[in-house]
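Hi there,

Here is the structure I promised to pass on to you. Have a look at it first, and then read on for what turned up.

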Amino acid sequence: MKVRIKFKKYGALRFIGHLDVMRFFQKAIRRAEIPIAYTGGYSPHMIMSFANPLGIGISSEGEYFDIELKESIPSREAVSSLNQTMVEGIEVISFRQIAEEKKMTGMAIVAAADYLLDIASDTLPKGWENQIPSFLEQPEIRILKQTKRSEKEVNIKPLIYGMELQDGKLFMRLAAGSAENLKPGLVMEAFCRFLNADVDLLKYTLCRLEMYADMGSEETRNLVTLESLGREID
C-alpha cells in the first residue's frame with residue numbers, strides 16, 4: 001500500500017535542509033510506529049520519496065512525500081501518532097492512500113506550485129502592484145537561467161500560470177517538477193528588471209502554499225492538488 005503524507009514547515013525549521021527533513025521523518029515514523037516498508041539487500045532503508053524538496057529559508061503549507069506500508073493503518077490514527085512526535089515547526093496535515101503505479105508518485109507527477117511572497121514595501125518602486133498585469137502581458141519574459149553547466153536565456157512566460165496581489169502579498173502559481181521548474185526568485189528578477197528596480201535591494205519572505213499534478217491533456221491544463229489524488233484510510 002502506498003501513502004502520501006502532507007505536512008507543513010514553518011518558523012525556525014524553515015532553515016533546515018531537505019536531508020535533515022528526511023532524516024527527521026525517518027525518526028518520526030519509527031517513533032510513531034508507522035508500519036513502513038523497507039528495501040531489501042544488505043542495507044535496507046525506508047521506501048520514501050519527496051515530491052519537490054523545499055529550498056532553505058522557505059516556509060510551506062503544503063509539502064508532500066510518499067511512503068510504502070507493510071500493512072494498513074487508519075489515516076486519523078497515523079496523523080495523530082506522527083504529530084505526537086513532531087517538534088515546533090513541522091506538522092502533519094494528512095495521510096492518504098494513493099495509486100500503486102510508480103508513475104503516480106508525487107516526485108513523478110508534480111507540475112505546479114503556489115507561492116506567496118511578502119515583499120518589504122520599501123524595496124520596490126511605489127505602485128509596483130499596478131504593474132503586474134502589464135508585466136504578464138509582455139509577449140515574452142526572458143531571463144538568464146542557471147543550468148548545471150552554464151547559463152542560458154529562456155522565456156519564462158509560459159511557466160507563469162498566475163500572478164496577482166492577494167491581501168497585500170504577491171501570489172504566484174508557477175511550473176514545478178522535473179520537466180519544467182520555475183523558482184519565484186527568477187520571476188522577481190524579471191519583474192524588477194521590468195520595473196527598473198534593483199533586484200539586489202529586493203527583500204521578501206516566501207511561503208510555498210500548495211503543489212499540484214496536471215491531470216489534463218496537452219491542450220488543456222487541469223491542476224489538482226497532490227493531496228486530492230489520495231483517499232482517507234478507514
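Glu33 is exposed, with a relative accessible area of 66%. You will find Glu33 in the loop between helix 1 (18–31) and strand 2 (48–50). Its backbone may catch your eye too: phi of Glu33 is near 60°, a positive value in a residue other than glycine. Please keep in mind throughout that this is a predicted model, and that every value here is computed from it.

Asn196 makes a good companion to Glu33. Asn196 is not a glycine, yet it has a positive phi of about 55°. Its place is the loop between helix 5 and strand 10. Is Asn196 buried or exposed? Its relative accessibility is 73%, and the cut-off for exposed is over 50%, so Asn196 counts as exposed.

Back in the loop between helix 1 and strand 2, there is also Gly41. Gly41 is exposed as well, with a relative accessible area of 68%. If you would like a feel for distances, try Gly41 and Ile160: their C-alpha atoms are 44 Å apart in space, and the two residues are 119 apart in sequence.

Now for another glycine. Gly177 sits in the loop between strand 9 (169–175) and helix 5 (184–195). Is Gly177 buried or exposed? Its relative accessible area is 13%, and buried means under 20%, so Gly177 is buried. Which residues does Gly177 contact, once its neighbours within four places in sequence are left aside? The answer is Asn52 and Val110. Gly177 and Ala51 are 126 residues apart along the chain, while their C-alpha atoms are separated by 8.1 Å.

Asn52 comes up again at Arg208, one of the residues I would look at on screen. Arg208 belongs to strand 10 (residues 204–214). Despite being an arginine, Arg208 is buried, with a relative accessible area of 3%. What does Arg208 touch, not counting residues up to four places away in sequence? The list begins with Asn52, Pro53 and Leu54. It goes on with Ile58, Ser59, Ser60, Glu61, Gly62 and Glu63, and it ends with Ala113, Asp114 and Tyr115. Two glutamates and an aspartate, namely Glu61, Glu63 and Asp114, are thus among the residues touching Arg208.

Next, the strands. Strand 1 (residues 2–9) and strand 4 (residues 90–98) run antiparallel and are joined by 8 bridges. Within that pairing, Lys8 stands opposite Glu91 of strand 4. Strand 1 also pairs with strand 3 (residues 59–68), again in the antiparallel sense, over 7 bridges. There, Val3 has Ile67 of strand 3 as its bridge partner. How many of the 8 residues of strand 1 are buried? The count is 7, so strand 1 is largely enclosed by the rest of the structure.

Strand 4 has a further partner in strand 12 (residues 231–232). These two strands run antiparallel and are joined by 2 bridges. Arg96 is the residue that stands opposite Glu232 of strand 12. When you look along any of these strands, it may help to remember that in a regular strand the side chains alternate between the two faces of the sheet.

Finally, the protein as a whole. There are 5 helices and 12 strands. Its C-alpha atoms fill a box of roughly 55 × 40 × 35 Å, taken along the principal axes. For 234 residues, a compact globule would have a radius of gyration near 17 Å; the protein has 19 Å, which agrees. Buried residues account for 44% of the 234 residues. Of the contacts between residues at least 6 apart in sequence, 71% join residues at least 24 apart.

As for the surface, the accessible area comes to about 12900 Å², and 48% of it belongs to carbon and sulfur atoms. The protein carries 30 positive and 33 negative charges, and the mean positions of the two sets are 5 Å apart.

Happy viewing, and do write back with any questions.

Best wishes

Methods:
Residues are numbered from 1 along each chain as its sequence is written. This is a predicted model: local features need pLDDT of at least 70, side-chain atom pairs count only at pLDDT 80 or more; totals for chains, interfaces and linings use all residues. Side-chain values use heavy atoms; hydrogens and water are left out. Helices (H or I, at least four residues) and strands (E, at least two) are DSSP runs, numbered from the N terminus. The radius of gyration is taken over C-alpha atoms; the globule rule is 2.2 Å times the number of residues to the power 0.38. Buried means under 20% relative accessible area, exposed over 50%, partly exposed in between (1.4 Å probe, protein chains only). Contact means heavy atoms within 4.5 Å. Accessible areas come from the Shrake-Rupley method with a 1.4 Å probe; for residues, only the protein chains shown count as cover. Lys and Arg count as positive and Asp and Glu as negative; His and the chain ends are not counted. The place of a charge is taken as NZ of Lys, CZ of Arg, CG of Asp or CD of Glu. Two strands pair if DSSP finds at least two bridges between them.
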